[in-house]
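Work through the exercises below with the sequence and the coordinates at hand. Each task is followed by a worked solution.

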Amino acid sequence: DFDDLATLVERYLELNLDTQLRAASGGVHLYDQDGASCDWIARVETGSNGISVVDPSVNGIDLISNGLLHRLLLSGIRIPLVARTRLYNPLNCAFVQDNFNASVTFDLDITATTTSSVTNGTVEMQIGSPSATISNVSVSVTGNTTVDSLLSSLLSTFTGFASREIENLLRDTLPELDEALLNPLLAQTLSLSGSGYGFDVNLISRIDDQSITPTALTQSAFTQVFPSTAVPPGEDEGPIVRPIASPGFGPTIEPLTYAITDNTINSGLWAMWYGGSFVFDDALGLPGARASFIPMLPPVIMPGSADDESVLGVGDLFVALDLELQPGIIPGVEGAVSVEGYVSQYLRGTLGYSDARRDRLQLDVNPDATETAVEFITAALDGAPIEDTVVSAAILEYAEKLIDATTQMLLNDSLEAVSVPPLRIDFSDSLGAGTVTAMELILQQIRDVPDGILVDFRVEAEGQRPPRDSEWFS
């Protein structure tokens with residue numbers, strides 16, 4: 001949703017422009033006039049407070065072919081001036097020195113265009129020459145008509161100077177600001193934690209392509225997740241991916257929506273599996289029962305039969321189950337039971353956020369649509385193979401139910417450990433000592449769609465908030 005990215009640019013410029021102009025233009029020397037004998041001499045400088053803007057606003061940011069058009073209206077630009085003068089008195093041909101405080105105010109309607117390119121996996125923006133229109137110019141000075149006349153004759157100098165200062169500020173600010181907004185997922189570190197595991201992973205995102213037309217901005221990125229303690233895997237070692245298109249956005253009422261494909265989720269699941277986090281020595285934690293799981297393959301998320309259905313599956317999950325059966329649990333059987341086998345399981349349901357943590361994924365499982373296949377390779381009672389087929393069938397049926405329930409819990413826990421990263425956009429120091437230092441996108445909801453999920457965010461600003469009540473900050 002490009003309009004909301006544009007909103008971030010607008011809010012940043014409105015809150016920071018006045019501060020940056022003051023810092024950029026304080027104490028600048030504007031004009032000298034040296035006269036001959038019996039003439040006048042004047043020197044004009046900007047006041048120590050620099051240029052200020054009463055009402056900086058952004059009329060809009062429009063998509064154009066391969067770029068963005070920024071339209072700003074700066075109302076009430078004020079240049080405080082100090083006029084240091086030596087004025088000639090024709091009665092006695094003597095000079096009188098004096099200082100006068102004055103100001104020039106005007107409005108500025110300005111447009112600036114940034115164009116886009118993708119280089120080495122990141123978006124780079126370049127800016128052309130801004131175009132500015134000056135209006136409503138006025139001069140104010142107290143107590144000396146000669147200075148008043150002097151300043152009036154130099155209005156184009158003053159307004160041109162201020163306009164150039166603003167244009168230079170936009171040249172320095174807009175490309176980097178646009179890049180910060182269009183490269184939001186690059187080089188982040190995520191912390192994953194859940195039942196039985198907890199470690200850091202690295203997320204690397206590389207923008208593959210970006211297309212800007214007057215009606216749409218389309219951006220696609222390749223994202224890779226891997227354990228922080230491991231080197232990035234080679235092409236043949238990475239997660240299973242499918243050649244799928246990015247999910248469509250559809251209607252949304254939230255300020256900002258990201259479409260995340262199943263491939264990205266599977267990348268996170270693969271990273272956890274690759275780091276050994278799905279190996280459980282004792283997944284039950286119950287007296288007289290022990291279940292060990294070693295996954296031969298990583299869990300994967302797949303599309304279901306309905307648009308809002310996802311399938312979470314795991315295959316070749318080796319399980320070793322040790323039970324100390326007491327009388328009455330399985331009729332006619334008691335003692336130490338050991339079974340080994342492989343489990344494959346599919347859980348069907350709808351992806352959403354965790355009840356406990358809204359930044360965690362969770363599958364709302366349909367219990368009637370769960371599929372489990374268990375292949376036992378060994379079964380023993382008190383250390384000896386089970387010869388009685390009836391006893392063997394009863395033990396394996398009991399073991400299968402226990403393994404089924406435990407695997408469902410572990411699968412959903414593994415998915416819940418994949419967090420949706422908070423998207424934080426930091427504005428660098430080179431953008432000026434402004435009031436807004438960063439924007440953060442706070443997760444609101446997760447919606448299941450074919451081949452992925454939609455993640456809705458609200459926008460918050462870090463730093464000083466605007467003096468007026470603004471709908472843009474939650």
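The exercises concern a predicted model and go from the whole chain to single residues.

**Exercise 1. Describe the protein chain as a whole: its secondary structure, burial, surface and contacts.**

Solution.
- Start with the secondary structure: the protein chain has five helices and 21 strands.
- Next, take burial. The chain has 474 residues, and 46% of them count as buried.
- Then take the surface. The accessible surface comes to about 22300 Å², with 49% belonging to carbon and sulfur atoms.
- Last, consider contacts between residues at least 6 apart in sequence: 65% of these join residues at least 24 apart.

**Exercise 2. Find the largest nonpolar core and state which helix gives the most to it.**

Solution.
- The largest nonpolar core has 47 residues. Those with the most contacts inside it are Leu13, Ile77, Leu81, Leu151, Phe158 and Ile166.
- Helix H3, residues 155-182, gives the most to this core, with 11 residues.
- Another core lies apart from it and has 42 residues, among them Ala291, Val374, Leu443 and Ile453.
- As background, nonpolar side chains in soluble globular proteins tend to be buried together.

**Exercise 3. Compile the contacts of leucine 81 and of valine 82, leaving aside neighbours within four places in sequence, and classify valine 82 as buried or exposed.**

Solution.
- Leucine 81 is in contact with residues including Leu30, Val44, Phe100, Val104, Leu151 and Phe158, once neighbours within four places in sequence are left aside.
- Valine 82 is found in strand E4, residues 67-89.
- With the same exclusion of neighbours within four places, valine 82 is in contact with Arg43, Val44, Glu45, Gly47, Phe100 and Asn101.
- The relative accessible area of valine 82 is 18%. The cut-off for buried is under 20%, so valine 82 is buried.
- For a C-alpha separation, take valine 82 and serine 48: they are 34 residues apart along the chain, and their C-alpha atoms are separated by 9.2 Å.

**Exercise 4. Place histidine 29 in its strand and determine its accessibility class.**

Solution.
- Histidine 29 belongs to strand E1, residues 29-33.
- Its relative accessibility is 36%. Partly exposed lies between the cut-offs of 20% and 50%, so histidine 29 counts as partly exposed.
- Outside its neighbours within four places in sequence, histidine 29 is in contact with Arg43, Val44 and Glu45.
- The C-alpha atoms of histidine 29 and valine 44 are separated by 6.4 Å, with their positions 15 residues apart along the chain.

**Exercise 5. Trace the pairing of strand E17 with E15 and with E18.**

Solution.
- Strand E15 (residues 333-353) pairs with strand E17 (residues 371-381) in the antiparallel sense, over 10 bridges. Tyrosine 346 stands opposite glutamate 371 in E17.
- E17 also pairs with strand E18 (residues 384-385), again in the antiparallel sense, over two bridges. Here alanine 380 stands opposite proline 385 in E18.
- The hairpin of E17 and E18 has two residues between the strands, and aspartate 382 takes a positive phi near 55 degrees in this hairpin.

**Exercise 6. Identify the residues of the nonpolar surface patch that includes Leu297, and locate leucine 297.**

Solution.
- The patch is made by Val279, Ile294, Met296, Leu297, Tyr342 and Ile377, and has an area of about 490 Å².
- Leucine 297 lies in the loop between strand E12 (289-295) and strand E13 (300-303).
- Because its relative accessibility is 42%, leucine 297 counts as partly exposed.

How values were computed
Residues numbered from 1 in each chain as written. Predicted model: local features only at pLDDT ≥ 70, side-chain atom pairs only at ≥ 80, totals over all residues. Heavy atoms only, no water. Patch = residues over 30% accessible without salt bridge, like charges linked within 9 Å, V, L, I, M, F, W, Y side chains within 5 Å. Areas by Shrake-Rupley, 256 points an atom, 1.4 Å probe, with all protein chains shown as cover. Salt bridge = Lys/Arg side-chain N within 4 Å of Asp/Glu carboxyl O. Helix = DSSP H or I, 4+ residues; strand = E, 2+ residues; numbered from the N terminus. Buried < 20%, exposed > 50% of the residue type's maximum accessible area, 1.4 Å probe, protein only. Pairing = 2+ DSSP bridges. Contact = heavy atoms within 4.5 Å. Core = buried A, V, L, I, M, F, W, Y, C linked by side-chain atoms within 4.5 Å.
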